[in-house]
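The following exercises concern the architecture of a two-chain assembly. Each task is followed by a solution that proceeds step by step.

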Amino acid sequence: MSASPVEFCGIELEHPIINGSGTFDANAARRVFGDELIAAANFPFSAFVSKTITPAPRPGNPPPRLWEEAAGMINSIGLPNKGIEGFLEHDLPGLGELPVPLIVSVMGTSAEEFTTLIEGVAERPEVDGLELNISCPNVHSGLIVGEQPTETLALLNAVRPLTGKPLIVKLTPNVADPVAIARAAEAAGADAVSLINTVKARAIAPGSSEPWLGAGSGGLSGPAVRVIAVKQVADVAEAVAIPVVGMGGVERGSDARDLLAAGATLVAVGTASFRDPLAGARIRAELAELAMS
Amino acid sequence: MSGADGRVQAPLGRRRLTVSSNEPSGGYRILSALDEAGPAPAAGQFYMLAAESGWGGNAERPYLPRAFSVAEAEVTDKGLRLDFLLEDVGPGTHALAALEAGEGLMVTGPLGRPFSAPREINLDAAGAILVGGGLGLAPLAILRKALGERGVPLRTLLGFRDEAHSGGMELFRCCEVGLASEDGHAGHRGYVTDLLAAMLDGDQAASGVVYSCGPPAMLEAVRTMCAERGVACELALETPMACGFGACFGCAVPLAEGGYMRLCVDGPVVGGNQIETAMPAGSGHRG
């Protein structure tokens, strides 16, 4: 339960606090805050997980994309990104300058698309690992890969041989049994799993009976989902031998400690960074203080 | 430190300012705080604001900070004083409206792309027309000061819905202002865009530059009016925003060329011809 250096899938990290994918754009933040951000002493995370990229560029969902909810928020961003070519050309050089290891998040709608992404990204020297976002339907079966153990197993079997770099599988909380998905990922050679992704949610527009969000519904994050994360991280960590990245509503050092106690090796901070760009650094400091007491 | 487009970079992270005053101004309030660590912002930039206590933590809402354009930034003997214009319309603005002198205001900023100088928008610009609606007069107050100091000829038009939804006039006490109100309590009865149309039509050539901030429908009217007359304009937009520094991708505004921009890092000031509409879905939602 400490804030000390930790080994994760063969990568040495200064401490166990990283970011959740899609909750911090280091390149944009550097435009806002300047090079102070990427000084080793200032950067709030011990590894950086990029926003998910897809093979082709995506504009993202129509607005509105956000809804503030009790102790959290719903987002339906829709994975806007420049596609793999745009990412490699425009985003990766900046991410390569970060003072911490880089994990690139990728999402495809088929094993072929994941193959394109992994082959394009994994061999780049700036990249230390990949996170597989499997919350998308498989175009061949129509099933959400991350909701079906058989789909998860088949995908990992197809892509595991493509790289020796760590593959982390991001798990959704929107299933009856996340343990079954985690076991499938482990069985097919995943190096780690990370959870939880956002919890499916819908807000109704004030004075209306229509959904508020442009895409109709989205994912809930923030302290509202924290105890769901603690339960799912505990269940998964008990069931698999590979490391677990725990996340969901982490706001304080004590929240990070709870996830580490539940069996997580690393803890990711997400929505809290929206409120405070250096939330990760504060949480790490609070965690260190708790470890001393 | 400044970026290529004149934006002032923010100190890294969030910092605590001390509220120096929080006074009613008509139906609005002017919240002032002393910023000892921050740089002077450029006109059009904004800050993410949250009360130091009763925000997040054990309170259900507000959870996210709220984005506010800075209305005034003045160096005083106690440090840089930042003024924000606000209206108590939801849990976040209610908490900000309740802050008292001496209490803490958590801020990240200055953020975003500021207004451009008139000649950066139109090489032949002979002057500037500032068009504000309601709370949207805030960024125009600091812009007016900046342009005035550079000797740019200025005309200012402000519009309000009614007396209860108006205020902040002391930010313009220096100068002549054309007023409109929908209920007729002050100035022209009708929209501020009526005044703008008359002004643009009376001008000899499209030599002015229009700067505007206000409700989405007003901004869209200004944008259309300027496009029809070939007048360059810059608009300060507002959308729901979770972070203010490019992290959440929530503040999407549709671009004229297709796709979206992140208003927090590519705005909040946009060129009128850059965007598909100044009233994207959700943009009028405040709290």
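**Exercise 1. The sheet of chain B**

In this predicted model, strand β8 (residues 127–133) of chain B pairs with strand β9 (residues 154–160) of chain B in the parallel sense, over six bridges. Identify the bridge partner of G132(B) in β9(B), place the pair in its sheet, and describe the helices that pack there.

*Solution.*

Step 1. Within β9(B), G132(B) has L158(B) as its bridge partner.

Step 2. The sheet of chain B is open and has seven strands, in the order β11-β10-β9-β8-β12-β13-β16. Its pairing is mixed.

Step 3. The edges are held by β11 (188–189) and β16 (269–271) of chain B. Each has a single partner strand, so one side of each is left without a neighbour in the sheet.

Step 4. Across β8, β9, β12 (208–213) and β13 (232–236) of chain B lies helix α3 (residues 137–149) of chain B, which runs at about 160 degrees to β8(B).

Step 5. Helix α5 (residues 216–229) of chain B also packs on the sheet and touches β8, β12 and β13 of chain B. The direction of α5(B) makes about 170 degrees with that of β13(B).

**Exercise 2. A helix pair in chain A**

Characterise the packing of helix α1 (residues 26–33) of chain A against helix α2 (residues 83–95) of chain A.

*Solution.*

Step 1. Two packed helices are described by the angle between their axes and the distance between the axes.

Step 2. The axes of α1(A) and α2(A) come within 9 Å and cross at roughly 65 degrees.

Step 3. Angles of 65 to 115 degrees count as roughly perpendicular. The two helices, α1(A) and α2(A), are therefore roughly perpendicular to each other.

Step 4. The crossing in which α1(A) passes α2(A) is left-handed.

Step 5. On α1(A) the contact is made by A26(A), N27(A) and R30(A), and on α2(A) by D91(A), G94(A) and L95(A). By class, the residues of this contact divide into two nonpolar, two polar and two charged.

**Exercise 3. A hairpin in chain A**

How many bridges join strand β5 (residues 66–69) of chain A to strand β6 (residues 72–75) of chain A, and which residue of the hairpin takes a positive phi?

*Solution.*

Step 1. β5(A) and β6(A) run antiparallel and are joined by four bridges.

Step 2. L66(A) has N75(A) as its bridge partner in β6(A).

Step 3. The hairpin has two residues between the strands, and A71(A) takes a positive phi near 55 degrees.

**Exercise 4. The contact between the chains**

Determine which elements of chain A supply the side that touches chain B, and how its residues divide by class.

*Solution.*

Step 1. The contact takes 35 residues from chain A and 33 residues from chain B.

Step 2. On the side of chain A, at least two residues each come from α1, β5, β6 and α8 (271–275).

Step 3. The largest share of that side, five residues, is supplied by α1(A).

Step 4. The side of chain A that touches chain B has 19 nonpolar, nine polar and seven charged residues.

**Exercise 5. The overall form of each chain**

Assess how the radius of gyration of each chain stands to the globule rule.

*Solution.*

Step 1. Chain A contains nine helices and 14 strands. Its radius of gyration is 18 Å, close to the 19 Å that the globule rule gives for 293 residues, so chain A is as compact as a globular protein of that length.

Step 2. The C-alpha trace of chain A spans about 55 × 50 × 40 Å along its principal axes.

Step 3. Chain B contains six helices and 16 strands. For its 287 residues the globule rule gives 19 Å, and the radius of gyration of chain B, 18 Å, is close to this, so chain B is as compact as a globular protein of that length.

Step 4. Along its principal axes, the C-alpha trace of chain B spans about 55 × 40 × 40 Å.

Methods. Residues numbered from 1 in each chain as written. Chains lettered and ligands numbered in written order. Predicted model: local features only at pLDDT ≥ 70, side-chain atom pairs only at ≥ 80, totals over all residues. Axes fitted to C-alpha atoms, helices over the stretch in contact; angles between N-to-C directions. Parallel < 35°, antiparallel > 145°, perpendicular 65-115°, else oblique. Left-handed = near helix turned anticlockwise from the far one by under 90°. Contact = placed C-beta atoms within 7 Å. Nonpolar A, V, L, I, M, F, W, Y, C, P; charged D, E, K, R; others polar. Pairing = 2+ DSSP bridges. Rg over C-alpha atoms; globule rule 2.2 N^0.38 Å.
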